Amino acid sequence: MPAVIVLGAQWGDEGKGKATDQIGHLTNYVVKFNGGNNAGHTVVIDDEKYALHLLPAGILSRGVTPIIGNGVVVDIEVLFQEIEEMTARGVDCSKLKISSNAHIIPSYNRFIDQANEKARGHNLIGTTGRGIGPTYADKMNRIGIRIQDLFAPETLAEKVALALAPKNEIFQAVGMDTLDAAEVTQELLSYAERIRPMVSDVSLEVNNALDRGETVLFEGGQATMLDIDHGTYPFVTSSNPTAGGALTGSGVGPTRIDRVVGVAKAYTTRVGEGPFPTELTDEVGEELRTKGGEFGVTTGRPRRTGWFDAVIVRYATRVNGLTDICLTKLDVLSGYKSIPLCVAYEVDGVRTEDMPLDQGAFERAIPIYEEMPGWDDDISQCRSFDELPENAQAYVTRLEEISRCRIQSIGVGPGREATIVRYPLLGE
Ligand code: GDP
Ligand code: IMO
Ligand code: MG
């Protein structure tokens, strides 16, 4: 199985980092295809915790060539900070490649992100403030700055001046400091020679690797429900974290993909604003947050928590064409007498099994729950499905049924080893 997409099936932070790490050691390449340093992917190896933002989590697997695809937006300062930090911890970053077509997050877009949020007042999105949205907006508006522009200083200066002019007007209007185009250009150029050896034609590289029979994992940032097209717009990120994004974000065709793996938590979390039907705003939600350690890796914000929502995971199965689900954090659900499972919604008095496309309807959706009996045992040492308590097995089997996708693995702890693999994803 040479090409595997790993993506988020809910609202992010499902455990894509750990899933990538687990599958990653069986692959030759790991390609990050969307988003930027809004992501925070955690991998725990021998009690050592690594938080990856811009670098693919696959960088932690020996022998893997990590790649940043054209669909990613790159804050170059953050990239080099992360490379330095990881190198100091003994991680080999020397093989990192980056697409010449990837867009750069210039400093002004971080400030625009913050100004936009301020201007939205109580309608704010709760972005990570990393300049992600404004950089994708520039890309669509055809005034973006790309990695390849670093090697043409005169054109770069012109492009920066063009993109910055309207932004300076906004800064002035909201009382923020304006920026000097020449200074921004110089700052970007200061990274050119360091980045030059990493620059690559990612589409060519990845397709050649697939032609040679090598294995490639496409690592998604964010998640299906944060997708600019398929998520809870406008409370979304500005990229396509869904399966199609893996293709456009790396220059690979759909016929090359063998597996699409959705990572889903055994419950649900969300960071930032926007509708969340199964959210628990009471002490039960607080307890789930504490038990699951649900605090953002990137911004440190407490994550909103709720029960498993099969409507959205079924939706993720559909829009991504999932072949497998990696279910994570089942261990966090130990100790509940019974566990509510959202199987459908009631919208304006009508039961619906499908995700309502109308945002107003989604906001009014009332979850319809099924109660599943819980289990008390600590399951963190279980390494096979049969070792799980019967009620935990029944919970997983029911999730599988209502998510309409088979569950390939079950996470029972943050560590690399704390996983029940039900069948191999790649030829082991
Ligand atoms: P990502 O953004 O999808 O990579 O996920 P994050 O790293 O933001 O958040 C997932 C958190 O859950 C991290 O702290 C992981 O170490 C942790 N984690 C992943 N899988 C499991 C699991 O099966 N059990 C437990 N208890 N923690 C897990
Ligand atoms: P990983 O890859 C969870 C959320 C933000 C905000 C919205 C838009 O770790 O799962 P942005 O800065 O992207 O414009 O913010 O998207 N968000 C995430 N939530 N996990 C992430 O990444 C996220 N990346 C962005 O909180 O609501
Ligand atoms: Mg995360």
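## Cavities, pockets and a three-stranded sheet

The second largest cavity has a volume of about 70 Å³. A word on conventions before we look around it: this is a predicted model, in which local features need pLDDT of at least 70 and side-chain atom pairs count only at pLDDT 80 or more, while totals for chains, interfaces and linings use all residues. Residues are numbered from 1 along each chain as its sequence is written, chains are lettered from A and ligands numbered from 1 in the order in which they are written, and side-chain values use heavy atoms, with hydrogens and water left out.

Rolling a probe the size of a water molecule over the atoms shows where empty space is left. Here the search runs on a 1 Å grid over the protein atoms alone: a cavity is a set of points where a 1.4 Å probe fits but cannot get out, a pocket is an open set with protein on both sides within 12 Å along at least five of seven lines, and lining residues have an atom within 4 Å of a point. Grid points are joined across faces, edges and corners, and a volume is the space filled by probe spheres set on the points.

### Two cavities

Back to our starting point. The second largest cavity is lined by G15, K18, A19, Q22, C326, L327, T328, S409, I410, G411 and T419. Helix 1, strand 14 (324–328) and strand 18 (407–411) are the elements that give two or more residues to this lining; helices (H or I, at least four residues) and strands (E, at least two) are DSSP runs, numbered from the N terminus. Domain 1 (3–97 + 199–260) and domain 3 (265–421) each supply at least three residues of the lining of the second largest cavity, with the domain bounds coming from an automatic or database domain assignment.

Across the whole structure, the search finds 2 cavities of 30 Å³ or more. The largest cavity has a volume of about 80 Å³, and among the residues that line it are D75, I76, E77, R110, E187 and Y191. Helix 2 (76–88), helix 3 and helix 6 (181–189) each give two or more residues to that lining, and helix 6 gives the most, with 3 residues. Both domain 1 and domain 2 (103–193) give residues to the lining of the largest cavity, so it lies between them.

### Two pockets

The largest pocket holds about 1000 Å³ of space. Its lining has 50 residues, of which N38, I132, V236, T237 and S238 lie nearest the centre. Helix 3 (107–120), helix 4 (132–140) and helix 9 (243–248) are the elements that give two or more residues to this lining, and the largest share, 7 residues, comes from helix 4.

The second largest pocket has a volume of about 590 Å³. Of the 26 residues that line it, T42, G292, R303, K329 and P414 lie nearest its centre. Helix 1 (16–24), strand 3 (41–45), strand 4 (48–52) and helix 10 (283–292) each supply at least two residues of this lining. Domain 1 and domain 3 each give at least three residues to the lining of the second largest pocket. The C-alpha centres of these domains lie 23 Å apart, and their contact (heavy atoms within 4.5 Å) takes 36 residues from domain 1 and 39 residues from domain 3.

The table sorts the linings by class: Ala, Val, Leu, Ile, Met, Phe, Trp, Tyr, Cys and Pro count as nonpolar, Asp, Glu, Lys and Arg as charged, and the others, Gly among them, as polar.

| Space | Nonpolar | Polar | Charged |
|---|---|---|---|
| Largest pocket | 17 residues | 23 residues | 10 residues |
| Second largest pocket | 6 residues | 10 residues | 10 residues |
| Largest cavity | 7 residues | 1 residue | 4 residues |
| Second largest cavity | 4 residues | 6 residues | 1 residue |

### Strands

Strand 3 and strand 4 run antiparallel and are joined by 5 bridges; two strands pair if DSSP finds at least two bridges between them. H41 stands opposite L52 in strand 4. The hairpin of these strands has 2 residues between them, and D46 takes a positive phi near 50 degrees there.

Elsewhere, an open sheet of 3 strands has the order 16-15-17, with antiparallel pairing. Strand 16 (350–352) and strand 17 (366–373) stand at the edges, each with a single partner strand, so one side of each is left without a neighbour in the sheet. Strand 15 (338–347) is joined to strand 16 by 3 bridges, and Y345 has T352 as its bridge partner in strand 16. Helix 13 (390–403) packs on the sheet, touching strand 15 and strand 17, and its direction makes about 20 degrees with that of strand 15. Axes are lines fitted to C-alpha atoms, for helices over the stretch in contact, and angles run from 0 to 180 degrees between N-to-C directions.
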